[in-house]
Amino acid sequence: MTETAPLDLRDRATDALRACGVAVPSGDDLPALSPVDGTVLLTLRESTPDDVSAAIEHAQQAFSQWRVVPAPARGALVRRLGELLTEHKHAVADLVTIEAGKIPSEALGEVQEMIDVCEFAVGLSRQLYGRTMPSERPGHRLMETWHPLGVVGVISAFNFPVAVWAWNTAIALVCGDPVVWKPSELTPLTALACDALLQQAATEIGAPDGIHSVLLGSGSVGEQLVDDPRVALVSATGSVRMGREVGPRVAARFGRCLLELGGNNAAVVAPSADLDLAVRGIVFAAAGTAGQRCTTLRRLIVHSSVVDTVVERVADAYRQLRIGDPFEEGVLVGPLIRERSWEAMTAALSRARDAGGTVVCGGERVDRDGVYASPALVRMPEQTAVVLEETFAPILYVLTYDGFDEAIALHNTVPQGLASSIFTLDQREAERFLASDGSDCGIANVNIGTSGAEIGGAFGGEKETGGGRESGSDSWKAYMRRATNTVNYSDQLPLAQGVHFG
């Protein structure tokens, strides 16, 4: 039987909610748990099918008004959201730590990422550029224009409970699209806080009712978003298994999909690497957020001449990591999100040992309330089946290479393709890693780890990662529809390609 949460943790959550303008919710079918100690914070009401349908209908009604608001005026909503997030940064970050288990530094960084993408989207609201192209017909102008797409359904995961929502929502709103958000059932309180801040911003600037709504619950809520033809775009973050279900169902109704799925990210460490730099990058990328990022470093491909040194130094750093309550001073590794994550971790380590792997350090359960595990460092003789799979837990597999082509082959021979990096001072190796026959990932870095993407670059990956792109660059195009326009300003009617008719 799950116990009631200690008052200090529960009070901290309710205080943060109230600070963001949320009346403390109640219900009887959706417990909000904290992985910090594994106990119940609040019990909420799960959204019903009627709730989901009504939210989509309200969003569709809002779309008819919002799409004709000039984009710079739409940017005012996102600007105000960014201001409110800045004012309530610590309250939202507290909820991220309480619900997702991130250490406060990472939680504050995630909220800052929301603020940053709001700033980016405000600038974008004046840069939704089309283009003019030369027409082959005299007296004609050929151009492209971009228009709001429709209702955007956002399905987000627990590990970035607010940042991924902001990537989608800030961009969607300036593009003219209302948003219906289904957060992870593991992090409902952060969603309620963000929704309250956005609703406050919408009221202040006079945005239409229904511009945003949040739906709480399990997979059935997300399924309804996926299947409803009124939802023009489904942006879903989660597992490859989830993506295999979502993609075909959205395609079957000719909707659009933006998928951010699994990652099995690797870093290559070359003989010339600055090992001080490399070890710092490796440890943060592999152990941060207890290995529960989509960009977590899971495979380390090290040249045989330096592999022993690298393993020794990473293992030494791992042994110094303080694991525990993320609110405690000096803690760098917080909890796994739930018991199932620990079970997956132990099963993967068992398979790795059976395949000839050696656990150098870590992989042990920490004796305290909640699910805490020491990050595991595992040397593998080859890239076996368990290494090809993503285990959402802090396991770093070490592989060895001799030739650079071998390193690239090891790197690319996984079904996922999200983030990658190389540590090298050899320019040829660095450029080759970034070239078309190098890393096959959507993110490829040199002399930094696989985690810590900035909002200005498009985020996403290839292969089983889904192919989606969110946040920066031209990812806004996913949230709009393109029209090709021809304007005849002459008094003639020539046809293209020299066709004569009449």
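**A note before the views.** Partly exposed is the label between buried, under 20% relative accessible area, and exposed, over 50%. Keep that in mind for the close-ups below, which all come from a predicted model.

**View 1. Glu 57 and Arg 230 meet in a salt bridge.** Arg 230 has a relative accessible area of 21%, so it goes down as partly exposed. Its partner Glu 57 comes out at 29% and is partly exposed too. The side chains meet at 3.0 Å, N to O. This pair links distant parts of the chain: Glu 57 belongs to helix α2 (residues 49-66), while Arg 230 sits in the loop between α8 (219-227) and β8 (231-237), 173 residues apart. For context, the structure holds 28 salt bridges.

**View 2. Asp 276 pairs with Arg 313 across two helices.** Here the closest N and O atoms are 2.4 Å apart. Helix α10 (residues 275-287) supplies Asp 276 and helix α11 (residues 307-320) supplies Arg 313, with the two positions 37 residues apart in the chain. Are these two residues buried or partly exposed? Asp 276, at 44% relative accessibility, counts as partly exposed, and so does Arg 313, at 33%.

**View 3. Two more spots feature salt bridges, one a pair and one a network.** In the pair, Arg 432 bridges to Asp 437, with 3.3 Å between the closest N and O atoms. Arg 432 is partly exposed at a relative accessible area of 24%, and Asp 437 is partly exposed at 44%. In the network, salt bridges link Arg 80, Glu 83, Glu 87 and Glu 204. As a general reminder, side chains of opposite charge can pair when their charged atoms come close.

**View 4. Trp 146 and Trp 476 make an edge-to-face pair.** A search of the whole structure turns up four aromatic pairs. In this one the ring centres are 5.2 Å apart, with 70° between the planes. That angle is why the pair gets its name: planes over 60 degrees apart count as edge-to-face. The two rings link distant parts of the chain, with Trp 146 in strand β4 (residues 140-148) and Trp 476 in the loop between β22 (470-471) and β23, 330 residues apart. Trp 146 is buried at a relative accessible area of 13%, and Trp 476 is buried at 6%.

**View 5. Trp 165 and Trp 181 stack.** Why does this pair count as stacked? The planes of Trp 165 and Trp 181 meet at 20°, with the ring centres 4.8 Å apart, so the pair is stacked. Trp 165 lies in helix α6 (residues 163-175) and Trp 181 in strand β6 (residues 179-182), so the contact ties together parts 16 residues apart in sequence. Trp 165 is buried, at 0% relative accessibility, and Trp 181 is buried at 0% as well.

**View 6. Two charged side chains sit over Phe rings.** Arg 12 lies over the face of Phe 327, at 3.9 Å from the ring centre. Elsewhere, the charged end of Lys 102 sits over the ring of Phe 160, and the distance to the centre is 3.4 Å.

**View 7. Leu 495, Val 499 and Phe 501 form a nonpolar surface patch.** The patch covers about 340 Å². Where is Phe 501 placed? Phe 501 is in the segment after β23 (480-488). With a relative accessible area of 80%, Phe 501 is exposed.

Notes. Residues numbered from 1 in each chain as written. Heavy atoms only, no water. Patch = residues over 30% accessible without salt bridge, like charges linked within 9 Å, V, L, I, M, F, W, Y side chains within 5 Å. Areas by Shrake-Rupley, 256 points an atom, 1.4 Å probe, with all protein chains shown as cover. Salt bridge = Lys/Arg side-chain N within 4 Å of Asp/Glu carboxyl O. Helix = DSSP H or I, 4+ residues; strand = E, 2+ residues; numbered from the N terminus. Buried < 20%, exposed > 50% of the residue type's maximum accessible area, 1.4 Å probe, protein only. Phe/Tyr/Trp six-rings, centres within 6.5 Å; stacked < 30°, edge-to-face > 60°. Lys NZ or Arg CZ within 6 Å of the ring centre and 35° of its normal.
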